[in-house]
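Reader: I should be grateful for a close look at a single part of this structure. Please begin with the point at which that part ends, and then describe its surroundings in one connected account.

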Amino acid sequence: MPSTRVYLTTLVATGAISSQAHGNEANLIAETVLNEPALAINGIPFSTRAYWMRTANDALFEVLQDPCPFAAFGTVIVNHTAGGLGKAVCIGANSSGRSGNPTQHDPNGPYNLTTSEALGAFSELSLYTNAESCPMCASAIRWAGFKEYIYGTSINTLIGKGWGQIRIPSMEVIRQSFDLGPTPRLIAEVLTNETEPYFLWHTETI
Ligand SMILES: [Zn+2]
């Protein structure tokens with residue numbers, strides 16, 4: 001069975017639990033840990049989630065021409081309304097090492113869209129990233145208004161392997177941003193057996 005971390009809040013519920021009452025009644029916001037191949041969320045099967053998570057990994061090579069850079073954060077933004085597997089809107093990869101801009105340490109795919117494209121489309125788009133975003137990037141995801149935010153390796157795993165990180169999980173960013181309207185569906189730890197090697201190889205003995 002998939003595990004679900006549930007937070008009791010007074011916030012707007014995610015789509016999956018939108019039947020919960022709004023207003024003054026407490027709602028539940030859930031972060032679903034997706035490791036069950038038979039589970040479909042928002043009508044999208046695990047196999048499709050896995051396909052796009054692999055695409056996020058592959059973005060490292062597509063963008064950086066490096067299949068395994070040191071901080072291997074890759075992303076893809078997908079339009080699932082296109083049917084089938086869905087359609088990639090754009091890809092991105094960590095470029096802070098090349099640009100010197102610390103705000104680009106995480107994938108910056110959202111900003112590759114034109115203004116009109118972004119404003120009109122975010123609420124229908126899903127962002128896949130091979131590792132949980134830092135609070136800065138999670139905030140950007142939240143401000144953008146994505147429909148779904150799907151990540152692979154968790155912040156806790158990164159920290160456990162020696163990565164420096166601000167210890168605020170994406171779920172907390174979403175929980176504290178209820179003024180911004182409908183919350184994205186947060187799907188966690190997708191295909192971690194394939195995303196984690198990108199972040200652990202430099203600390204593991206091979
Ligand atoms: Zn970040």
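Author: Helix α4 is followed by G145, a residue with a positive phi, near 90°. Helices (H or I, at least four residues) and strands (E, at least two) are DSSP runs, numbered from the N terminus. Residue numbers start from 1 along each chain as its sequence is written. The model is predicted: local features need pLDDT of at least 70 and side-chain atom pairs count only at pLDDT 80 or more, whereas totals for chains, interfaces and linings use all residues.

Within α4, which spans residues 135-144, the buried residues are C137, A138, I141, R142 and A144. A residue is termed buried if 20 or more other C-beta atoms lie within 10 Å of its own, exposed if 12 or fewer, and partly exposed in between, with C-beta atoms placed from the backbone. Seen down the axis of α4, the buried residues fall within an arc of 165°, so they line one face of the helix; the arc is that of the directions from the helix axis to the C-beta atoms. These residues pack against β5 (125-131), β6 (148-153) and α6 (170-175).

Two of these partners also belong to a β-α-β unit: β5, α4 and β6 form one that is right-handed. The term means that, with the strands pointing away from the viewer, the path from the first strand over the helix to the second runs clockwise. β5 and β6 pair in the parallel sense over five bridges, where pairing requires that DSSP find at least two bridges between the strands. In this pairing, A131 stands opposite T153 in β6.

β5 also pairs with strand β3 (residues 74-79), in the antiparallel sense and over five bridges; here T75 stands opposite T129 in β5. β5 is mostly covered, since seven of its seven residues are buried.

The largest nonpolar core has 37 residues, of which V76, L127 and Y128 touch the most other members. Such a core is a set of buried Ala, Val, Leu, Ile, Met, Phe, Trp, Tyr and Cys residues joined through C-beta atoms within 7 Å. Its largest share, five residues, comes from helix α1 (residues 46-64). Leaving aside neighbours within four places in sequence, Y128 is in contact with W52, M53, A56, T75, V76, V78 and I150; contact means that the C-beta atoms of two residues, placed from the backbone, lie within 7 Å.
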